[in-house]
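Q: Please take a close look at a single part of this structure and describe it in detail. I should then like to see how that part connects to its surroundings.

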Amino acid sequence: MSDPAEGDGSAGTGGAAEADDADDATPAPDGGERPQPHTIRLELVDEPGQLLKALQPIADNGGNLLSIFHERGNITPRGRIPVEVDLECPPDRFEGIVDALREEGMNVIQADAERYGEELTLLLIGHLVDTDLSDTLHRIEESTTASLADFSLSAAEGTDEVSSARLRLATRSNGTDSAVETVRDIAAEKDLTVIEPLTEGSA
Amino acid sequence: MTGHRLAVLGAGAVGGSVVELAADYGHEVVAFADSSSAAVDPDGIDEAGALDRKERADAVGDGDPADALAADYDVLVEATPTTLGDAEPGYSHVEAALSRDRDVVLANKGPVAERFADVRALERDSAGDLLFEATVGGAIPVLATLADYGPRNVSAARGILNGTANFILSRMTAEGLGYEHVLAEAQDLGVAEADPAFDVQGTDAALKCVILANVLSEARADDPAEAREFQLTDATVEGIEDIPGSALELASESGRTVRLVGEATPEGVRVGPRLVPPGSSLAVSGTRNLVQFEHEHCGQLNLSGRGAGGPETAAAVLADVGRLS
């Protein structure tokens, strides 16, 4: 609810634009132990010391702050101040950071793992084998920033029957939409059906 | 609330239930028609007699359907079957009532899904009002909630809006059975119609989402007459006919489930099978329907209940009648 609605609503604040800039600032390695950028949205109670209280758990848990956007002019209907924090951390530390924030009583509105789904699961249905499965998978990896994290094929009973596959793709922040689009294009070309994940919380 | 005098057009499950239940809600039925006959009585028709005759002789009375439309009623309840394109004869019924400054309550989706701008224009020129709660989500108070909580604050509505499709997907998942098998079972149970195309191809869910998109879009327009209008042809629609049991198994193995999900925003409509994450409120089972609003101040707001059925949908119709002044 927060981002799209605020962006549409009024005479453009800088919130969305700044977040995008931060996301562009990184090269594109695959996974590994290299720090990856993340965005966390918090809503702070309007009291002294709250911002510091929010930042401490990030530093304590191995996060490196990149930027903080404190939207004082954009107080929520509940009287809280939205804060968007960009940070980077090794892939395995992010959950710990979010947990630590919640333990501190911080109101975490969105953490990008939830919002963007760094993992994306979808189904492919059709004549998967006849349409060159390895080519399909290869092209999905080639033409997106996603890498195939897991793959399950449920083979057809007869050769004429359709088969199904479940793909788990690891995508970078913000890469989900384009990954889905690419899969959709490749599937359309091969007359396969894609069952896309439902992303709640976005329009 | 004072009782209203109702003319009920359409004698299917919904129209019949409205006639049967109207008195419980404090209203009187003065006219009742199916496609070929009518019962009209300014002092109130014999409801039980008309329903009994419909069952035995496939006629509700001795009159002509046009008599019902011309009767002296306060509220026209339009419950004839949903038609696409020109939405006739439903649209003409709406036009006839509004031009006489009478109120209209729709159970028929056609006029508001296919000709939303036209019916709103008729309503603007009329002293009568048009309500259509029963067209989206059966018994669930979807449109009333939307109106109360402000459609401008709702960025998206999504939901499970077809009980037949949801029943089929739930059974296929739970029992590991194929589509054809479960469809036949659903037909035996009366959950699916003999011709299930409207439900399993996503058309029915899409019409409901088109209606929601029209309401969301209208609320954002400075001049309602200029609001972007949606019709079925504007919706991206996929059905569930081609989903093999193996796909549902793969979904289950990862803790997910496949549901026919409809999404409406002020910008568009999309209906199709989607992978629903574990724990999602959209993972409802059986014929249950669920609508979820993304509301600026409330976050997610979920409403669920029975999305079809005679008495259920009639209750939504009669709730609308009660909302009229």
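A: A residue is called exposed here if 12 or fewer other C-beta atoms lie within 10 Å of its own, and buried if 20 or more do. The model is predicted, and the part chosen is helix α7 of chain A together with the segment that follows.

Helix α7(A) covers residues 176-189. Its 14 residues reach 20 Å from the first C-alpha to the last, close to the 20 Å expected at 1.5 Å a residue. Five names make up the list of its buried residues: A:Thr176, A:Ala179, A:Val180, A:Val183 and A:Ile186. Viewed down the axis of α7(A), these buried residues fall within an arc of 130°, so they line one face of the helix. A:Ala188 and A:Glu189, on the other side of α7(A), are exposed.

Just after the helix, the backbone at A:Asp191 adopts a positive phi of about 60°, although this residue is not a glycine. Most residues other than glycine have a negative phi. A:Asp191 sits in the loop between α7 and β8 of chain A. It has 10 C-beta neighbours inside 10 Å and therefore counts as exposed.

A second aspartate of chain A invites comparison. A:Asp132 has a positive phi of about 65° and is likewise not a glycine. Its place is the loop between β5 (119-126) and α6 (133-143) of chain A. With 12 other C-beta atoms within 10 Å, A:Asp132 is exposed, because the limit for that class is 12 or fewer.

The loop that holds A:Asp191 leads on to β8 of chain A, and this strand, residues 193-197, is joined to β10(B) by 2 bridges. The two strands run parallel. Within this pairing, A:Glu196 stands opposite B:Arg274 of β10(B).

The strand pairing can be set beside the contact between the chains as a whole. There, 27 residues of chain B are in contact with 22 residues of chain A. On the chain B side, at least two residues each are supplied by β7 (154-160), α12 (245-253), β9 (257-265), β10 (268-276) and β11 (288-295). Helix α12(B) gives the most to that side, with 6 residues. By class, the side of chain B that touches chain A has 12 nonpolar, 8 polar and 7 charged residues.

The partner chain has an arrangement of its own. According to the domain assignment, chain B consists of domain 1 (5-139 + 311-323) and domain 2 (143-307). Their C-alpha centres lie 26 Å apart. Between them, 18 residues of domain 1 are in contact with 19 residues of domain 2. The elements giving two or more residues to the domain 1 side are α5 (110-114) and α6 (116-124) of chain B. Helix α6(B) gives the most to it, with 4 residues. That side of domain 1 has 9 nonpolar, 4 polar and 5 charged residues.

One further backbone feature concerns chain B. The peptide bond from B:Glu88 to B:Pro89 is cis, with omega near 0°. B:Pro89 lies in the loop between β4 (75-78) and α4 (90-99) of chain B. Most peptide bonds are trans.

Conventions:
Residues are numbered from 1 along each chain as its sequence is written. Chains are lettered from A and ligands numbered from 1 in the order in which they are written. This is a predicted model: local features need pLDDT of at least 70, side-chain atom pairs count only at pLDDT 80 or more; totals for chains, interfaces and linings use all residues. Two residues are in contact if their C-beta atoms, placed from the backbone, lie within 7 Å. Ala, Val, Leu, Ile, Met, Phe, Trp, Tyr, Cys and Pro count as nonpolar, Asp, Glu, Lys and Arg as charged, and the others, Gly among them, as polar. Two strands pair if DSSP finds at least two bridges between them. The expected span of a helix is 1.5 Å times one less than its number of residues. The arc is that of the directions from the helix axis to the C-beta atoms. Domain bounds come from an automatic or database domain assignment.
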